[in-house]
Amino acid sequence: MIRHVVLFRWKDTFTPDIREQWIAGLEAMRGNIPGMLGLEHGPDLMHTDRSWDHVIVADFATREDIAVYNTHPLHEAIKPFSLPNVQDLAYVDFELDPSASVDAPHRSN
């Protein structure tokens with residue numbers, strides 16, 4: 001499984017109205033893009049100097065599924081809200097260890 005993490009820092013042009021439409025578009029993607037296993041997102045709570053404004057975390061079955069997502073009409077639909085208003089953007093895609101589990105106890109050596 002591949003985890004896709006995207007961090008956003010917004011310009012002042014990212015108004016509450018634009019934010020509302022962008023978030024509605026994110027919610028519309030959930031469960032509606034083939035290969036997307038999960039989608040979570042949210043604004044930063046800490047507001048430190050090093051904080052980003054918003055994060056998206058999405059899980060995909062394969063790398064090919066990320067390619068489908070990248071050009072899917074529901075993803076394309078939110079880009080006019082985000083891309084012109086983003087100051088900084090960072091992302092990383094990494095493979096999750098299938099043997100790791102959040103419920104597994106932590107082992108110390």
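**Exercise 1. K79 and its partner**

Classify K79 as buried, partly exposed or exposed, then work out which residue it pairs with in a salt bridge.

*Solution.*
Step 1. Start with the accessibility: K79 has a relative accessible area of 22%. The cut-offs are under 20% for buried, over 50% for exposed, and partly exposed in between, using a 1.4 Å probe and protein chains only. So K79 is partly exposed.
Step 2. Before going on, note that this is a predicted model, where local features need pLDDT of at least 70 and side-chain atom pairs need 80 or more, while totals for chains, interfaces and linings use all residues. Residues are numbered from 1 along each chain as its sequence is written, and side-chain values use heavy atoms, with hydrogens and water left out.
Step 3. Now look for the partner, with a salt bridge taken as a side-chain nitrogen of Lys or Arg within 4 Å of a carboxyl oxygen of Asp or Glu. That gives E76, with the closest N and O atoms 2.9 Å apart.
Step 4. Place the pair: both K79 and E76 sit in helix α3 (residues 73–82), three residues apart, or about one turn of the helix. Helices here are DSSP runs of H or I with at least four residues, strands are runs of E with at least two, and both are numbered from the N terminus.
Step 5. E76 comes out as partly exposed too, at 35% relative accessibility.

**Exercise 2. The other salt bridges**

How many salt bridges does the rule give, and which parts of the chain do R3–D59 and R9–D88 tie together?

*Solution.*
Step 1. The count is five salt bridges.
Step 2. Take R3 and D59, whose side chains meet at 2.7 Å, N to O. R3 belongs to strand β1 and D59 to strand β3, so this pair links parts 56 residues apart in sequence. R3 is partly exposed at 26%, while D59 is buried at 12%.
Step 3. Next comes R9 with D88, at 3.7 Å between the closest N and O atoms. Here R9 is in strand β1 and D88 in strand β4, so the parts tied together are 79 residues apart in sequence. R9 is partly exposed at 22%, and so is D88 at 29%.
Step 4. Finish with a network: E27, R30 and E40 are joined by salt bridges that share partners.

**Exercise 3. The loop between β2 and β3**

Describe the surroundings of S51, then find what stands out about the phi of H47.

*Solution.*
Step 1. S51 lies in the loop between β2 and β3. With a relative accessible area of 16%, S51 is buried.
Step 2. The S51 side chain makes a polar contact with the T48 side chain at 2.8 Å. That term means N or O atoms within 3.5 Å; within protein, one must be able to donate a hydrogen and the other to accept it, and residues adjacent in sequence count only if both atoms are side-chain atoms.
Step 3. For contacts (heavy atoms within 4.5 Å), set aside neighbours within four places in sequence, and S51 meets R9, D44 and M46.
Step 4. H47 sits in this β2–β3 loop as well, but H47 is exposed at 64%.
Step 5. The phi of H47 is near 55 degrees, a positive value in a residue other than glycine. Most residues other than glycine have a negative phi.

**Exercise 4. The core and the fold around it**

Find which residues have the most contacts inside the largest nonpolar core, and follow M29 outward.

*Solution.*
Step 1. The core is a set of buried Ala, Val, Leu, Ile, Met, Phe, Trp, Tyr and Cys residues joined through side-chain atoms within 4.5 Å. The largest one has 19 residues, with F8, W22, M29, M36 and I56 making the most contacts inside it.
Step 2. At least two core residues come from each of β1 (2–10), α1 (16–29), β2 (36–43), β3 (54–60) and α2 (63–71).
Step 3. Not counting residues up to four places away in sequence, M29 touches M36, L39, Y69, L74, H75 and I78.
Step 4. Zoom out: the protein has three helices and four strands, in the order β-α-β-β-α-α-β from the N terminus. Of its 109 residues, 30% count as buried.
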